[in-house]
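Biologist: Please take me through one part of this model closely. I would like the charged side chains and the strands around them, step by step.

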Amino acid sequence: MSILKRKAIYLKCAIFLIPWHYKAPESTAHILLMSDSIPFYDLNAKSFFLSTVDVDTLSLYQHFLPNIKEHGHILDAGCGSGRDAKAFLELGYQLTAFDGSKAMAIMASKLTGLAVKHSLFQDFHSEQQFDGIWACASLLHVPYTELSDTFTHLASFLKMDGTFYCSFKLGENHQITRNGRVFTDLNYSGLIDILSNTPLKINQHWQTADLRPGRTGEQWLNALLTRI
């Protein structure tokens with residue numbers, strides 16, 4: 001048997017020895033970015049707005065708001081439809097809000113009456129120090145390797161001892177793409193690792209079912225963090 005024929009047989013067999021979960025090295029795989037998710041929201045702004053604006057998130061507010069002083073200033077980081085910013089305004093809080101999708105920022109501005117800023121997390125800047133930061137189902141679009149820096153950047157706008165709420169789809173700390181969006185799924189140990197080099201500590205964490213109709217089978221990790 002020739003050397004070339006033996007090599008061909010070896011390579012053919014080797015294919016079946018590669019684990020099914022093998023992931024290409026980062027140098028050859030597409031490096032996913034937060035900005036990769038933005039076109040989905042720009043293109044589907046109306047349908048996403050309608051599917052989320054009326055979701056009842058009162059149970060989440062009941063964890064967060066007792067930690068915010070009366071008329072305190074809240075930063076809604078990745079505000080989406082503006083649902084939560086509007087609710088907080090109606091409860092007497094001051095609000096600043098931004099979103100990475102220009103189309104969503106425009107719709108949230110119309111809903112809330114706020115001048116919702118168009119900004120990615122790492123590009124956001126403010127002279128204001130906030131009493132609380134609300135990041136409901138928004139940081140999950142940040143790649144795992146960028147989450148620590150993103151938390152640190154946002155925490156720089158939070159007052160000492162201020163409260164930071166965040167939520168992620170519950171998972172095994174994987175970065176995946178679904179329907180044209182980047183998702184980082186997290187569990188509690190993954191969140192601990194990400195926050196280990198940030199000025200934030202976990203005060204409380206809990207799991208909830210998805211609050212959207214028909215999606216109760218999906219689980220979420222929720223956490224209240226404090227700036228130290």
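**Charged pairs and the strands beside them**

Modeller: Start with R83 and D84. Their side chains form a salt bridge, with N and O 2.9 Å apart. This is a predicted model. R83 has a relative accessible area of 16%, so it counts as buried, the cut-off being under 20%. D84 is buried too, at 4%.

Now look at D76. This residue sits in strand β1. D76 is buried but has no salt bridge. The nearest side chain of opposite charge belongs to R83, 7.5 Å away. A salt bridge needs the nitrogen within 4 Å of a carboxyl oxygen, so that pair does not qualify. What D76 does have is a backbone nitrogen beside it: that of A85 lies 3.4 Å from a polar atom of the D76 side chain. Beyond its neighbours within four places in sequence, D76 contacts D84, A85, L95, T96, A97, F98 and W134.

Next, the strands. β1 covers residues 73–77 and pairs with β4 in the parallel sense, over three bridges. Within that pairing, L75 has I133 as its bridge partner in β4. I133 also has a bridge partner in β5, namely F164. β4 and β5 run parallel and are joined by five bridges. Strand β5 spans residues 158–169. Together with helix α7, residues 144–155, these two strands make a right-handed β-α-β unit.

How enclosed is strand β4? Six of its six residues, 130–135, are buried, so the rest of the structure largely encloses this strand.

Back to charge. The structure holds four salt bridges. One of them joins E90 and K86, whose closest N and O atoms are 2.7 Å apart. Both residues lie in helix α5, residues 83–90. They are four residues apart, about one turn of the helix. E90 is exposed, at 59% relative accessible area. K86 is partly exposed, at 30%.

Another salt bridge returns us to β5. E218 pairs with K169, and the closest N and O atoms are 2.7 Å apart. This pair links distant parts of the chain, with the two positions 49 residues apart in numbering. K169 lies in strand β5, while E218 lies in the loop between β8 (200–209) and β9 (219–227). The two ends sit in unlike surroundings: K169 is buried at 10% relative accessibility, whereas E218 is partly exposed at 28%.

Conventions: Residues are numbered from 1 along each chain as its sequence is written. This is a predicted model: local features need pLDDT of at least 70, side-chain atom pairs count only at pLDDT 80 or more; totals for chains, interfaces and linings use all residues. Side-chain values use heavy atoms; hydrogens and water are left out. Buried means under 20% relative accessible area, exposed over 50%, partly exposed in between (1.4 Å probe, protein chains only). Two strands pair if DSSP finds at least two bridges between them. A crossover is right-handed if, with the strands pointing away from the viewer, the path from the first strand over the helix to the second runs clockwise. Lys and Arg count as positive and Asp and Glu as negative; His and the chain ends are not counted. A polar contact is a pair of N or O atoms within 3.5 Å; within protein, one must be able to donate a hydrogen and the other to accept it, and residues adjacent in sequence count only if both atoms are side-chain atoms. Contact means heavy atoms within 4.5 Å.
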